[in-house]
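User: I have a fold open here and would like to talk it through with you. Could you take my questions as they come?

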Amino acid sequence: MLSCAIELFGHKLPSSHRVTLSDSKIGMAKVLEGSFGMTYVDGYVLAVPTASQETFVKYSKWFDSIFVEQGATRVIACWGDDVPDGKVTDFRKAVQAEDGETVVFSWGEWPDKETRDAAMSRIEELMKTDERFDHTKYPLPFDGKRMIYGTFQSVVDLRERASS
């Protein structure tokens with residue numbers, strides 16, 4: 001967890017506090033008391049044939065369940081809606097998206113790096129025996145060679161507090 005002084009709208013907050021966006025007496029933020037760990041994230045960007053959206057969604061629900069089984073706290077897959085072309089670079093260029101393809105942005109959250117790394121070791125073993133990894137039997141609904149991915153340590157986590 002980052003140890004730093006946070007100033008929000010002129011109010012100093014202790015580093016043990018976390019801020020979420022919504023209305024409150026200190027402007028546009030509420031403070032949640034307590035110590036919150038930062039999650040570890042696997043991020044992916046890929047190009048999927050637009051006509052294969054339903055196939056992709058089914059595949060993603062089925063295949064991404066492996067990560068949840070192994071300890072991911074959630075997996076999100078997002079179908080591109082407003083993905084503009086950039087002047088120098090953009091999501092489409094990054095995955096060499098072609099006409100008739102939609103950019104998908106996806107990520108999986110893990111409680112921490114250790115949990116993620118242990119899960120990936122188990123998944124490497126599963127790849128040898130689990131039929132879900134047999135891409136001749138279950139082909140990817142996208143070109144995996146153009147997928148970009150990486151792992152990231154979260155450094156900011158702002159959430160709206162659930163109303164009770």
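User: What does F67 touch, leaving out residues up to four places away in sequence?
Analyst: Bearing in mind that this is a predicted model, F67 touches A72, V75, W110, M120 and I123 once residues up to four places away in sequence are set aside.

User: Which residues make up the largest nonpolar core?
Analyst: That core has 11 residues, namely Y40, Y59, F63, I66, F67, A72, W110, A119, M120, I123 and F133. The elements that give two or more residues to this core are α1 and α3, and the largest share, 4 residues, comes from α1. As a general background, nonpolar side chains in soluble globular proteins tend to be buried together.

User: Which residues of α1 are buried?
Analyst: In α1 the buried residues are F56, Y59, S60, F63, D64, I66 and F67, and what covers the buried residues of this helix includes β5, β6, β7 and α3, the last of these being residues 113-129.

User: And V68, buried or exposed, or something in between?
Analyst: V68, which also has its place in helix α1, is partly exposed, because its relative accessible area is 45%, and the cut-offs for that class are 20% and 50%. Its C-alpha atom is separated by 8.7 Å from that of G108, and the two residues are 40 apart along the chain.

User: Back to F56. Why does it count as buried?
Analyst: F56 counts as buried because its relative accessibility is 7%, and the cut-off for buried is under 20%. Leaving aside neighbours within four places in sequence, F56 is in contact with L46, V48, A77, W79, V104, P141 and F142.

User: How far apart are F56 and P141, in sequence and in space?
Analyst: F56 and P141 are 85 residues apart in sequence, while their C-alpha atoms are 5.7 Å apart in space. On the scale of the whole chain, residues 24 or more positions apart account for 69% of the contacts that have a separation of 6 or more.

User: What span should α1 have, and what do its ends give?
Analyst: Helix α1 covers residues 53-69, and at 1.5 Å a residue its 17 residues should span 24 Å, which agrees with the 24 Å between its end C-alpha atoms. Just after α1, G71 takes a positive phi of about 120°.

User: Where else is there a positive phi, in a residue other than glycine?
Analyst: Q96 is such a residue, with phi near 50°. Most residues other than glycine have a negative phi. Q96 is found in the loop between α2, residues 91-94, and β7, and Q96 counts as exposed because its relative accessible area is 54%, where the cut-off is over 50%.

User: Changing topic to the sheet: what is the strand order?
Analyst: There is an open sheet of 4 strands in the order β6-β7-β5-β8, with antiparallel pairing. The edge strands are β6 (74-79) and β8 (148-153), each of which pairs on one side only, and neighbouring strands of this sheet are turned by 15° against each other on average, direction ignored. Helix α1 packs on the sheet, touching β5, β6 and β7 (101-110), and its direction makes about 165° with that of β6.

User: How many bridges join β5 to β7, and how many to β8?
Analyst: Strand β5, residues 40-49, is joined to β8 by 6 bridges, and 10 bridges join β5 to β7; the strands run antiparallel in the β5 and β8 pair and in the β5 and β7 pair.

User: Which partners could I look up on screen?
Analyst: On the β7 side, the bridge partner of D42 is G108. On the β8 side, the bridge partner of V45 is I148, and Y44 stands opposite Y149.

User: How many residues of β5 are buried?
Analyst: β5 is mostly covered, with 8 of its 10 residues buried; for the whole protein chain of 164 residues, 34% count as buried.

User: Last one: what is the overall make-up of the chain?
Analyst: The secondary structure of the protein chain comes to 3 helices and 8 strands, and from the N terminus on the elements run β-β-β-β-β-α-β-α-β-α-β. The accessible surface comes to about 10,900 Å², of which 55% belongs to carbon and sulfur atoms.

Methods. Residues are numbered from 1 along each chain as its sequence is written. This is a predicted model: local features need pLDDT of at least 70, side-chain atom pairs count only at pLDDT 80 or more; totals for chains, interfaces and linings use all residues. Side-chain values use heavy atoms; hydrogens and water are left out. Buried means under 20% relative accessible area, exposed over 50%, partly exposed in between (1.4 Å probe, protein chains only). Contact means heavy atoms within 4.5 Å. Two strands pair if DSSP finds at least two bridges between them. Axes are lines fitted to C-alpha atoms, for helices over the stretch in contact, and angles run from 0 to 180 degrees between N-to-C directions. The expected span of a helix is 1.5 Å times one less than its number of residues. A nonpolar core is a set of buried Ala, Val, Leu, Ile, Met, Phe, Trp, Tyr and Cys residues joined through side-chain atoms within 4.5 Å. Accessible areas come from the Shrake-Rupley method with a 1.4 Å probe; for residues, only the protein chains shown count as cover.
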